[in-house]
Amino acid sequence: MSDILIVDDERDIRELISDILQDEGFATRLAGNSDEAMGEINTEAPALIILDIWLKDSRMDGIDILKTVKRDNPDVPVVIISGHGNIEIAVAAIKQGAYDFIEKPFNIDQLLVVIRRAMETSRLRRENLTLKRRDTTTAEMIGTSAPYRALLSQLDKVTKSNGRVMLTGPAGSGKEVAARYIHANSARASAPFVTVNCAGVAPDRMEEVLFGRETPDRGVEPGLLEQAHGGVIYFDEVADMPLGTQSKILRVLVDQQFTRVGGTDKVRVDLRVISSTNRDLDQAIKADTFRQELYHRLNVVPIAVPSLEERREDIPLLAEHFIAEFNASQGLPQRSLTEDAVALMQTMVWPGNVRQLKNLVERVLILGDGSGPIEARELPGEEDGGGEEGRVVLSGALATLPLREAREAFEREYLLTQINRFGGNISRTANFVGMERSALHRKLKSLGVVTSAKAGVRVAHVDEEAEATG
């Protein structure tokens with residue numbers, strides 16, 4: 001993509017333009033009809049095309065070639081030339097995506113100015129697109145816990161293939177980060193990563209957003225599928241995609257082609273598809289809100305992304321990562337975390353998962369005083385202590401129980417939280433709570449607390465059978 005293709009049915013004209021451009025340092029190729037032109041374009045896309053509107057003895061005229069080029073090679077600028085120029089032809093050419101229109105006989109200096117501007121505009125667009133693509137590959141996977149390592153192992157296995165991946169997990173758990181990790185470590189890393197926010201697009205606009213559209217007034221407007229050509233299309237929360245669109249996406253997955261809204265030409269695309277959902281798609285299928293055929297097409301490789309509760313060990317690393325990120329992007333203080341702050345964060349409830357943790361870190365950095373270590377009192381929950389230092393406010397449920405039952409309930413919840421905080425590691429839990437390991441085991445047994453494997457890590461929970469018989 002480093003030369004200029006000149007398409008004109010008059011040999012003298014195309015050779016004259018070629019000689020002028022070569023004198024200016026450009027490499028050129030020549031074509032006298034539409035078949036020769038399409039052959040050159042399909043062999044290797046040029047950096048720019050100078051295209052005559054009227055081509056004698058050709059299957060396609062200049063407008064037809066322009067439409068095909070803009071469909072298959074949208075980054076290639078096209079300068080239209082014609083000896084029969086009029087406003088209608090110029091407007092039609094510009095609407096179909098031509099960079100500019102020049103009438104014959106043309107001024108050489110004017111032609112050179114247009115060519116240089118067109119190539120510079122194309123270069124800037126490519127650089128901008130490259131920067132955007134590079135930005136999509138910077139999402140980092142952070143963690144050391146067993147669930148995190150299990151997730152990373154699964155992601156690494158699918159990076160080198162083109163298999164469709166379905167990421168499942170609660171909202172805010174990092175499904176898009178996982179999708180971007182797959183893309184960044186795949187053979188498509190330098191190609192686009194395009195996100196479709198299925199829940200954020202109005203149902204009546206979804207098809208235009210995905211497939212693009214063609215109108216007499218605005219010409220061709222590429223959709224997200226076309227923009228993702230060669231790379232990855234990521235369907236975020238795919239369960240929210242309208243049923244009508246689902247059937248059309250199913251056809252795209254089968255044929256790798258589609259028709260724009262209002263258009264007639266088939267647009268071919270080469271895509272890898274990654275989807276995500278926080279809902280039970282089996283239930284959605286039973287409720288007739290999600291097509292079973294589409295589910296089977298998308299769910300080739302299912303990967304579960306763990307919640308933050310399942311990977312509490314990673315909270316300090318994630319918090320430190322977000323602190324460094326906000327320092328670099330917003331200039332917020334680069335603060336460390338005290339042990340008390342870490343302990344509190346690892347025992348908090350995180351319904352919003354990693355996204356909630358990131359938001360909390362940003363809030364603390366914005367509202368915090370100075371640049372010293374972040375203390376537990378700065379985190380939510382601590383300010384609810386009633387204003388008297390050292391006091392613990394009882395929950396309503398706990399306050400209604402007799403002392404013995406309240407003590408058991410507190411101990412059970414406290415130890416459950418600490419064990420899960422340390423990823424099921426009893427030795428680390430015992431060390432933190434200040435008990436001998438054997439004493440902790442006896443205490444857990446008396447409280448009906450057991451541990452079992454879940455997502456590659458030991459998770460503490462109440463033994464329902466023991467509780468029922470107790």
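Axes are lines fitted to C-alpha atoms, for helices over the stretch in contact, and angles between N-to-C directions run from 0 to 180 degrees. The exercises below concern a predicted model.

**Exercise 1.** Classify the packing of helix H13 against helix H15 from the angle between them.

*Solution.*
Step 1. H13 spans residues 315-330 and H15 spans residues 353-367; they pack at about 55 degrees, and their axes are 9 Å apart.
Step 2. Angles under 35 degrees count as roughly parallel, those over 145 as roughly antiparallel, and 65 to 115 as roughly perpendicular, with the rest oblique.
Step 3. H13 is therefore oblique to H15.
Step 4. As for handedness, the crossing of H13 past H15 is right-handed.

**Exercise 2.** State which residues make the contact of H13 with H15, and how they divide by character.

*Solution.*
Step 1. From H13 come Ile315, Leu318, Ala319, Phe322, Ile323, Glu325, Phe326 and Gln330.
Step 2. H15 contributes Val354, Leu357, Lys358, Val361, Glu362 and Leu365.
Step 3. The division is ten nonpolar, one polar and three charged.

**Exercise 3.** Describe the five-stranded sheet and place helices H6 and H7 on it.

*Solution.*
Step 1. The sheet is open, with parallel pairing and the order S7-S10-S13-S6-S14.
Step 2. S7 (193-197) and S14 (301-304) are the edge strands, each pairing on one side only.
Step 3. From one strand to the next, the twist averages 20 degrees.
Step 4. Four bridges join S6 (residues 165-168) to S13 (residues 272-277) in the parallel sense; Met166 has Ser275 of S13 as its bridge partner.
Step 5. H6 (residues 146-158) touches S6, S13 and S14, at about 155 degrees to S14.
Step 6. H7 (residues 175-184) lies across S6, S7, S10 and S13, at about 155 degrees to S7.

Notes. Residues numbered from 1 in each chain as written. Predicted model: local features only at pLDDT ≥ 70, side-chain atom pairs only at ≥ 80, totals over all residues. Heavy atoms only, no water. Pairing = 2+ DSSP bridges. Helix = DSSP H or I, 4+ residues; strand = E, 2+ residues; numbered from the N terminus. Contact = heavy atoms within 4.5 Å. Left-handed = near helix turned anticlockwise from the far one by under 90°. Nonpolar A, V, L, I, M, F, W, Y, C, P; charged D, E, K, R; others polar.
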